Amino acid sequence: MSSASNAMAGGGGLFSMVDLFVLSAAGGFAIYWFFIRTKKQEQPTFKKLTVSPIVEKGSSSGFINKMKNTNRNVVVFYGSQTGTAEEFATRLAKDATRYGMKGMVADPEECDMEDLSQLRDIENSLVIFCLATYGEGDPTDNAQEFYDFLQSGGADLDDVKYAVFALGNKTYEHFNAMGIYVDKRLEELGAKRVYEIGLGDDDANIEEDFVTWREKFWPAVCEEFGVEPTGDDSNQRQYTLEVMSDIPREKTYHGEISRLGSFVNQKPPYDAKNPFMAPMTVKKELHKGGGRSCMHIEFDITGSKIRYESGDHVAVYPINDSKLVEKIGQRLNTDLDTVFTLTNVDEEASKKHPFPNPCSYRTAFLHYLDIQSPPRTHILRELAEYAEDPKEKEFLLSMTGSDGKDQYNEWIVKDHRNIVAILEDLKSLKPPLDHICEMLPRLQCRYYSISSSAKVHPTSIHITAVLVDYKTRTGRQVDGVATKWLSEKVINDDQKHTIPIFVRKSQFRLPFKPSTPVIMIGPGTGLAPFRGFLQERDYLKKEGKPVGDTILYFGCRNKVHDFIYENELNSFKESGALTKLHIAFSRDQNKKVYVQHLLNENKDEIWNVLESGGHIYVCGDARNMAREVHSTLEQTVVEKGNMDAAKAADYIKKLQSKGRYSCDVWS
């Protein structure tokens, strides 16, 4: 035992020396590997990263320096979600030249707005804001940073002169909230208001609102700065045309939003400037008669890395009706396959081209230009220059001033005359095709509430869309740009259609805790996001999670014709995911019944959900349904909560501020 112990003791000392040697060698190798070797290899990578130039906001390319270098004294910023505010900003910047001033259009997202205070260094300078309100009184995406800047304190704007034109919709509760806030906040920071804020209402006639404001705004500018109209009302072209006859096809755009070839060579991440070409895998009719159409459509997002949640929106980039495009080419006797480029005459302008080009006229009219909306008055003014018949020229010009509002409303708006109809009705009108490309606004993507849950359908996005289809007073057919295009897609083994899409995040969300009770109010296609909500709650219930009461108020015209997703709703009832289903079939009886009537009959149920911490969701028509639902909710709080009208209104506002009362509505 002792001899064995001695042997082990001797062996232990020898092993200790060997161990020390091995450890020393290993340590030296580790130092070489992780420090000396790695350092040598990492240096080229580090240098490679640092050589990329970074252009910071407020640098020498900032808007103040640009104004000084090009002798401009008017800058027009826009906050735009659909392009209208940007269009108005462009018109105001062009107007400036008629008053001896020089303007430029700028995107606040691309500028350091802290430089606003430096406008005082430019003689006779003026800043104009054309700002749309988005969602629940929020700024548009490109104006968010500017809004945050004003919220966080802003800057000293003494001696800075400004004006604001706001764009909104009176059917929404927070009408023109962004424009009103900016107008007030700029004054608080010391800026001087040159003219009162303009309030554009898209629910009525926002073009008329803008023209009326603009005609009073410029005289106020003249008085403030001591300038006079130059009398030059001629239309100045903003872009120059270059026809490109020998350019290879692969170097021309074919509908891509930004990057050339992006529709074929797809690269994530996908967004508004880089949409995913999603295969359209399912299209089925949901209505069972009645003369109207409602489609259920599914897009495959496998491999795209697109993530979505119930309540989000999906945007679809549509294509115009090819028959209308052909009519334009034939009417103006132009080869639509001619490839061209339009380049801004202002070399300092941030917007070099009105849309991606070079491209063909056919591509421009199919993918990039809005040829189906009634044109605004400034387009009529520019078109008038090309009328060979003096009477037709006078007629067009008569609709462009404040005294021509009624005529414009009758002939353009009520008859829904688009550029094709105008060209057909005014025979002497012969504008060059490139000028039409310059004048018309961009074709915008269409947003749809996603009607699926990613928990159940992680590789597909579903939408529910009503086909827009009617005739005008003149007998012309009007179709929804996107819904008509989608409805014509035939899905079979021989035909595979891909649709450019991207997802826009929303605040329209189910409660964080599934056990929270919810009331969902969605007539018609307002059911779409709630289909996703129900799929999600059904999934969680099957997973064994505690799920609170889920109550749905749905409405449609007739049970036999347009009760969409009827079988699915019944299935959710059977599984217990849908606790209660209240349905208003408005035309199945002599007296029309809507969801707001059913709400009025169930005030106890609504109050119990509210008092137990529940959430209320509304989706659908903003003009009538959402307003009446809101009134019914306030009346419920008055009656069941024993409150007066003022306290009930405050109660509802607190629900909204806490995210317990959410609306996803449209007009």
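Me: In this predicted model, which residues does I306 touch, not counting residues up to four places away in sequence?
Reply: The model is predicted, not experimental. I306 sits in the loop between β10 (294-300) and β11 (313-316). Leaving out residues up to four places away in sequence, I306 touches Y270, F276, I301, I461 and V503.

Me: Is I306 buried or exposed?
Reply: The cut-off for buried is under 20% relative accessible area. I306 has 9% relative accessibility, so I306 counts as buried.

Me: What distance separates the C-alpha atoms of I306 and F502?
Reply: Along the chain, I306 and F502 are 196 residues apart. In space, their C-alpha atoms are separated by 8.1 Å.

Me: Into which domains is the chain divided?
Reply: Domain 2 is written as two segments, 261-318 + 445-506. Domain 3 (319-443) is another part of the division. The full list is domain 1 (63-225), domain 2, domain 3 and domain 4 (518-665).

Me: How many residues does the contact take from domain 2 and from domain 4?
Reply: The centres of domain 2 and domain 4, taken over C-alpha atoms, are 26 Å apart. The contact takes 23 residues from domain 2 and 21 from domain 4.

Me: Where is R91, and is R91 buried or exposed?
Reply: R91 lies in helix α3 (residues 84-95). Its relative accessibility is 5%, against a cut-off of under 20% for buried. R91 therefore counts as buried.

Me: With which side chain does the side chain of R91 make a polar contact?
Reply: Beyond its neighbours within four places in sequence, R91 is in contact with E207, F210, V211, R214, R376, T377 and H378. One of these contacts is polar, side chain to side chain, at 3.4 Å. The partner is T377.

Me: Which residues line the largest cavity?
Reply: The whole structure has one cavity of 30 Å³ or more. About 60 Å³ of space lies in the largest cavity. Its lining is E207, E208, V211, T212, T377, M399, T400, G401, G404, K405 and Y408.

Me: Which helix gives the most to the lining of the largest cavity?
Reply: Domain 1 (63-225) and domain 3 (319-443) each provide at least three lining residues. At least two come from each of α6 (206-225) and α11 (405-414). With four residues, the one giving the most is α6.

Me: How do the residues of the lining of the largest cavity divide into nonpolar, polar and charged?
Reply: V211 and T377 are among the lining residues, and both are also in contact with R91. By class, the lining has three nonpolar, five polar and three charged residues.

Me: Which residues lie nearest the centre of the second largest pocket?
Reply: This pocket holds about 430 Å³ of space. Its lining has 23 residues. Those nearest the centre are D321, L324, Q372, Q477 and D479.

Me: Which element gives the most to the lining of the second largest pocket?
Reply: Domain 2 and domain 3 each supply at least three lining residues. At least two come from each of α7 (322-331), α12 (419-425), β17 (477-479) and α14 (481-487). The element giving the most, with four residues, is α7.

Me: Why is helix α8 (residues 361-368) largely enclosed, and which of its residues are buried?
Reply: Six of its eight residues are buried, so α8 is largely enclosed by the rest of the structure. The buried residues pack against β8 (239-243), α7, β12 (339-344), β13 (359-360) and α13 (433-439). They are Y361, T363, A364, F365, L366 and Y368.

Note on methods: Residues numbered from 1 in each chain as written. Predicted model: local features only at pLDDT ≥ 70, side-chain atom pairs only at ≥ 80, totals over all residues. Heavy atoms only, no water. Buried < 20%, exposed > 50% of the residue type's maximum accessible area, 1.4 Å probe, protein only. Polar contact = N/O pair within 3.5 Å; in protein donor to acceptor, adjacent residues only side chain to side chain. Contact = heavy atoms within 4.5 Å. 1 Å grid on protein atoms, 1.4 Å probe; cavity = no way out; pocket = protein on both sides within 12 Å on 5 of 7 lines; lining within 4 Å. Points joined across faces, edges and corners; volume = space filled by probe spheres on them. Domains from an automatic or database assignment. Nonpolar A, V, L, I, M, F, W, Y, C, P; charged D, E, K, R; others polar.
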